[in-house]
Amino acid sequence: MHWKNLANYDYLGSYSLEGIAKEIILTMKEIKKERVTATGGSSEDCIVCYFDETKVGKIDIKPMVMNRTNCKTIEKLYGPQIEDWIGKKIIVFSTTTQFRRDIVPCLRVKAEIPKAEEYFCQVCGVKISKATHDASIEKYGKAYCSKECLESDKTNQEQKNNKNKGE
């Protein structure tokens, strides 16, 4: 974990992803102009994006200050009107950029629209909802579409265990 994750920063930063994820998919909820104070104490009006997600994996999702580069990337994906961005998904990743004489870490928006994730039962392969997938993984450690597939998988595992024991 990056040490900056222990500090109480108000905005998402490249450190938020470091060592945890290469990229994350976020849903834009609100974009507005607000006064942002930098670590040196200077402040300026910035474009800030708020997201529907509050946590992605181990990453606490905070608002993200949007620079021109990220706004132009989103414009290429969804058009110039910020009203059209609301509810849309973006891929955010950490990289570096030159700032004055230094190379510094930064967050960027990937120039691609995220593909909708699909979830499948690990026994029969039928497509399932994200909610069913997540609940099943949390409870059983595997994705199941039904009680029948859960029971079938348990039976198969028991048979394999018995075979390995030589019964």
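**Exercise 1.** Between which two strands does the loop that holds Arg100 lie? Describe the backbone and the exposure of Arg100 as well.

*Solution.* The model is a predicted one, in which local features need pLDDT of at least 70 and side-chain atom pairs count only at pLDDT 80 or more, while totals for chains, interfaces and linings use all residues. Residues are numbered from 1 along each chain as its sequence is written, and side-chain values use heavy atoms, with hydrogens and water left out. Step one is to place Arg100, which is found in the loop between strand 6 (89-99) and strand 7 (102-109); helices (H or I, at least four residues) and strands (E, at least two) are DSSP runs, numbered from the N terminus. Step two is the backbone: phi of Arg100 is near 55°, a positive value in a residue other than glycine. Most residues other than glycine have a negative phi. Step three is exposure, and Arg100 counts as exposed because its relative accessibility is 69%, where buried means under 20% relative accessible area, exposed over 50%, and partly exposed in between (1.4 Å probe, protein chains only).

**Exercise 2.** Work out how strand 1 pairs with strand 2 and with strand 6.

*Solution.* Two strands pair if DSSP finds at least two bridges between them. Strand 1 (residues 23-37) pairs with strand 2 (residues 43-51) in the antiparallel sense over nine bridges, and Glu34 stands opposite Cys46 in strand 2. The hairpin of strand 1 and strand 2 has five residues between the strands, and Gly41 takes a positive phi near 105° there. Strand 1 also pairs with strand 6 in the antiparallel sense, over five bridges, with Glu23 opposite Phe93 in strand 6.

**Exercise 3.** Find the residues with the most contacts inside the largest nonpolar core, and then follow Ile90.

*Solution.* A nonpolar core is a set of buried Ala, Val, Leu, Ile, Met, Phe, Trp, Tyr and Cys residues joined through side-chain atoms within 4.5 Å. The largest one has 21 residues, and those with the most contacts inside it are Met28, Phe51, Met64, Ile74 and Ile90. Strand 1, strand 2, strand 5 (64-66), helix 1 (68-78), strand 6 and strand 7 each supply at least two residues of this core. Leaving aside neighbours within four places in sequence, Ile90 has contacts (heavy atoms within 4.5 Å) that include Met28, Phe51 and Ile74.
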